[in-house]
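Here are my notes from a pass through this one, as numbered points. Have the viewer open while you read.

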Amino acid sequence: MITKIIGTGSCLPSHVVSNDDLSKIMDTSDEWISSRTGIRERHLAKEETTAFMASESAKRALKDAGVDAKEIDLIIVGTITGDYVTPSTACEVQAQLGADKAVAFDVNAACSGFMFGLHTAHMYLQSGIYKTALIIGAETLSKIMDWNDRSTCVLFGDGAGAVVIRSYTDEEANENGMGGTGGLLAFSQGSDGAKGIVLACRDRVNNNPLISNPIEQGYLSMDGQEVYKFAVSTVPASIHEALSLSGLKAEDIKYFVLHQANVRIIQSVAKRLKVSEDRFPVNLDHCGNISAASVPILLDEMNQKGMLSRGDKIVMSGFGAGLTWGTTVIEW
Ligand code: UT7
């Protein structure tokens, strides 16, 4: 049995905000943001909601896969910025797509949310419970930013990316010309809740009538240097582990599709893996950091550009708040 990604899609809000635009409303500059992060602009939602962007990316992924919404058994959305505490974004997507038979739920693993969702869906498919799943990363991060904190609000953007995955028995894979191998080959994931506070956003606080000192609602806060140190050490280790489980080596991998947080993190990971930066595609220059959505949006951009061919070995890796990290090795 193999699990294949058979379609990708993405959706970005129409409103684009450049570093120069930000420098008009806060004390920052294109020079500071681009030299420290590689980010030049990001899309920020005005009318678009998380569920709208998630559903649009899903529709595009379904079209790319040639799959009808009624065939979807499972919808998992990685998000920390749903429109409602409940219902989940995945349930909203199910309704918007008319995917009546799908089981739908969200995963809260921040920038690793898409990877954790993909791994979870893969397990359902491998156990034979479900055959076809939609995994989405979708965020409206601009609503949890502290717009008075220039050290965080310039880094993030909004958007959604989706993939359709399907399981194939060896017989089905042969019939479809896929051979008996390929698809999702191996994964590695982990969490370190003890360090959660370095990148955190409080949910609604309890301000019921029994509380004498009401607390203000929170926004995203980050110790950037701690997150940076965590990323450059944990991501290469996670990639090494996933590669070792897949029986592949770094030189066998065509592309490393990393969470788009900072180009300097990506360069450092490339150096530590002794792999050319050319094999690390980047879209953070025009998207910024979109947490759970960044890996599937980048994968969709690559797919739309025709960069992916059957048989290519690809690593995808997400990392961030929790702290959490997740890496998958796939054969396209
Ligand atoms: O999904 C995972 C999410 N997070 C990350 O991946 C973040 C990882 N960390 C980073 O990418 C970097 O730590 C940052 C890009 C966030 C910050 O870079 P840094 O080199 O660690 O800068 P810093 O926080 O040490 O700040 C340096 C200076 C400070 O001024 P002083 O104290 O040296 O005078 C800041 O106040 O830069 C100042 N600063 C800014 N200046 C202009 C902070 N933000 C800005 C800004 N514009 N937007």
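1. Start with the four-stranded sheet in this predicted model: 4 strands form an open sheet, ordered S8-S13-S12-S11, and the pairing is mixed. The edges belong to strand S8 (183-191) and strand S11 (255-258), each of which pairs on one side only. Ignoring direction, neighbouring strands here are turned by 15° against each other on average.

2. Within that sheet, have a look at S8 and strand S13 (residues 324-331), which pair in the antiparallel sense over 8 bridges. If you want a pair to click on, Leu184 has Ile330 in S13 as its bridge partner. Helix H11 (residues 294-304) packs on this sheet, where it touches S11 and strand S12 (313-320). The direction of H11 makes about 140° with that of S11.

3. Now the other sheet. It is open as well, with 5 strands in the order S1-S7-S6-S4-S5 and mixed pairing. Strand S1 (2-11) and strand S5 (103-107) each have a single partner strand, so one side of each is left without a neighbour in the sheet. From one strand to the next, the twist averages 20°.

4. Strand S6 (residues 132-140) and strand S7 (residues 158-168) are antiparallel partners over 9 bridges, and Ile136 stands opposite Ala162 in S7. Helix H3 (residues 50-65) lies across S1, S6 and S7, running at about 125° to S1. H11 turns up here too: it lies across S1, S6 and S7, at about 95° to S1.

5. On domains: the chain is divided into domain 1 (2-175) and domain 2 (185-281 + 289-331). Taken over C-alpha atoms, their centres are separated by 14 Å. As for the interface, 46 residues of domain 1 are in contact with 39 residues of domain 2.

6. Where does the largest pocket lie? Domain 1 and domain 2 both give residues to its lining, so it lies between them. Its volume is about 830 Å³. Of the 31 lining residues, Ile80, Thr81, Ile144, Cys201 and Asp203 are the closest to the centre. S5 and strand S9 (199-200) each supply at least two residues of this lining. By class, the lining of the largest pocket has 14 nonpolar, 11 polar and 6 charged residues.

7. The second largest pocket has a volume of about 470 Å³. Both domains contribute to its lining, so this pocket also lies between them. There are 21 lining residues, with Leu155, Met222, Gly224, Gln225 and Asn262 nearest the centre. Helix H2 (30-37), helix H8 (224-246), helix H9 (263-273) and S12 each supply at least two of the lining residues, and the largest share, 4 residues, comes from H8. The class split for this lining is 11 nonpolar, 8 polar and 2 charged.

8. Last, the enclosed space. There is 1 cavity of 30 Å³ or more, with a volume of about 60 Å³. Its lining includes Ile80, Cys111, Phe156, Leu220 and Asn289. Which classes make up the lining of this cavity? It has 8 nonpolar, 2 polar and no charged residues. Domain 1 and domain 2 each provide at least three of the residues around the cavity. Ile80 is worth selecting in your viewer, being in the cavity lining and among the residues closest to the centre of the largest pocket.

Methods. Residues numbered from 1 in each chain as written. Predicted model: local features only at pLDDT ≥ 70, side-chain atom pairs only at ≥ 80, totals over all residues. Heavy atoms only, no water. 1 Å grid on protein atoms, 1.4 Å probe; cavity = no way out; pocket = protein on both sides within 12 Å on 5 of 7 lines; lining within 4 Å. Points joined across faces, edges and corners; volume = space filled by probe spheres on them. Nonpolar A, V, L, I, M, F, W, Y, C, P; charged D, E, K, R; others polar. Domains from an automatic or database assignment. Pairing = 2+ DSSP bridges. Axes fitted to C-alpha atoms, helices over the stretch in contact; angles between N-to-C directions. Contact = heavy atoms within 4.5 Å.
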